[in-house]
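Please follow the account below with the model open beside the text, moving from the whole chain to a single sheet and then to a helix.

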Amino acid sequence: WEKGGMKLTSADLERLQCATGRFVKLPDGGWVELDTKAVEAAHETMAELGLEGLSAMPQRVNLLQAAQLEEATLNRFADQAPIKALRERLTDFAGIAPTPLPPGIQAEMRPYQKTGFDFLCHLTRLGLSGVLADDMGLGKTLQTLAWLAWMKEQNTKRPKPVLVICPASVLHNWRRESERFTPALKVLVLESGAARHNLRKQIPQHDLIVTNYALLRRDLEELQKFAFRAIIIDEAQFIKNPSAQVTQSVKELKGDFRLALTGTPLENRLLDLWSILDFIQPGYLGSQAQFLEKYEPRTEAGDPWPLKVARRRLAAKIRPLLLRRLKKQVAQDLPDRIEERRACELGEAQRKL
């Protein structure tokens with residue numbers, strides 16, 4: 001490096017890089033004064049990116065780590081081509097594009113269900129995982145099955161099976177729903193009993209593998225031998241405790257995509273939500289300690305503002321990965337309301353006649 005008559009060798013630059021004080025003595029260049037605030041900010045940025053110290057060599061950074069950066073920090077890299085391309089893509093984003101339903105779906109999907117299907121396809125194209133958090137009874141299983149049929153259509157050459165983990169009470173419901181709505185999908189149910197040990201050999205020949213949370217802990221080692229197209233957890237509140245064995249087990253499975261289905265993404269504490277998001281996108285919300293410090297800050301008595309701001313930031317952070325609709329929001333599309341509207345329309349037509 002050379003500027004204004006000063007020339008620094010590689011050894012000089014390494015000495016500056018490791019400096020802790022304001023002034024640094026160089027062997028042949030006299031004294032150099034450092035901008036200590038800039039140095040501290042650079043070290044802090046590297047720490048936020050999960051990197052050790054400053055380096056003249058290019059370092060690969062995980063996008064999930066970069067996602068933790070605040071806007072001001074991210075702007076330090078704004079002149080980089082990938083950052084510019086990403087910003088342009090976000091600026092031009094006009095919403096989730098609709099995806100044609102794959103042939104063979106034996107169901108008439110309601111508008112909000114089609115929106116959920118489009119959402120899942122959108123995440124898949126971006127290589128992201130997600131959470132479908134519709135209220136109970138809004139058809140999360142149907143939306144998921146339609147998505148699985150679409151994924152199978154996209155990967156006809158080398159299809160991988162999909163693993164669904166659910167409570168034992170709904171184990172066979174997945175088979176029945178698939179036979180009803182997506183009969184082209186081959187379903188294998190792994191339930192209690194010695195027979196499942198032989199059935200596991202058939203996993204590669206099926207599209208959809210269904211097991212329950214209790215069996216997962218016992219069969220984890222065997223299931224880890226398979227590479228799944230997607231890992232789906234139904235009633236995802238089962239993994240709300242980050243330290244529970246079942247939570248640790250689902251995170252050890254291998255899958256290209258991960259999907260959490262739940263009608264109650266947040267039950268008792270904010271950490272419930274962190275546990276589910278950490279399953280679908282590990283590291284996206286940081287560690288447990290970082291998450292609580294950032295989104296559940298300690299506040300002075302009578303001052304709710306910091307907490308409100310933190311919750312708004314959290315909502316913005318998870319919005320691209322989580323879709324939630326309440327029954328009251330989609331009431332016009334529910335069967336009983338549809339019949340009610342049809343009756344009103346018929347009555348209005350008869351009145352006019």
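Accessible areas are obtained here by the Shrake-Rupley method with a 1.4 Å probe. On that basis the protein, which is a predicted model, exposes about 20,900 Å², of which carbon and sulfur atoms supply 52%. Of its 353 residues, 40% count as buried, a label that requires a relative accessible area under 20%. The protein contains 15 helices and 11 strands, and among its contacts with a separation of 6 or more, 63% are accounted for by residues 24 or more positions apart.

Seven of the strands form an open sheet with parallel pairing, and reading across this sheet gives the order 7-8-6-9-10-5-11. Its edges are strand 7 and strand 11 (322-323), each of which pairs on one side only.

One end of that order can be followed strand by strand. Strand 7 (residues 187-189) runs parallel to strand 8 and is joined to it by three bridges, with valine 187 standing opposite leucine 208 of strand 8. On the way inward from there, strand 8 and strand 6 (residues 162-166) also run parallel, joined by five bridges, and here isoleucine 165 has threonine 211 of strand 8 as its bridge partner. Strand 6 in turn pairs with strand 9 (residues 228-234) in the parallel sense over four bridges, where the partner of valine 162 is alanine 230 of strand 9.

How is strand 8 placed with respect to the rest of the structure, and how many of its residues are buried? Five of the five residues of strand 8 (residues 208-212) are buried, so the strand is largely enclosed by the rest of the structure. In a regular strand, side chains alternate between the two faces of the sheet. Both faces of strand 8 are in fact covered, since Leu208, Val210 and Asn212 on one side are buried, as are Ile209 and Thr211 on the other.

A comparable enclosure is found in a helix. Helix 7 (residues 140-154) has 15 residues and reaches 21 Å from its first C-alpha to its last, close to the 21 Å expected at 1.5 Å a residue. Because 12 of these 15 residues are buried, helix 7 is largely enclosed by the rest of the structure. The buried residues of helix 7 include Lys140, Gln143 and Thr144 as well as Leu142, Leu145, Trp147 and Trp150. An α-helix has 3.6 residues a turn, so residues three or four places apart point the same way.

How values were computed. Residues numbered from 1 in each chain as written. Predicted model: local features only at pLDDT ≥ 70, side-chain atom pairs only at ≥ 80, totals over all residues. Heavy atoms only, no water. Helix = DSSP H or I, 4+ residues; strand = E, 2+ residues; numbered from the N terminus. Expected span 1.5 Å × (residues − 1). Buried < 20%, exposed > 50% of the residue type's maximum accessible area, 1.4 Å probe, protein only. Pairing = 2+ DSSP bridges. Contact = heavy atoms within 4.5 Å.
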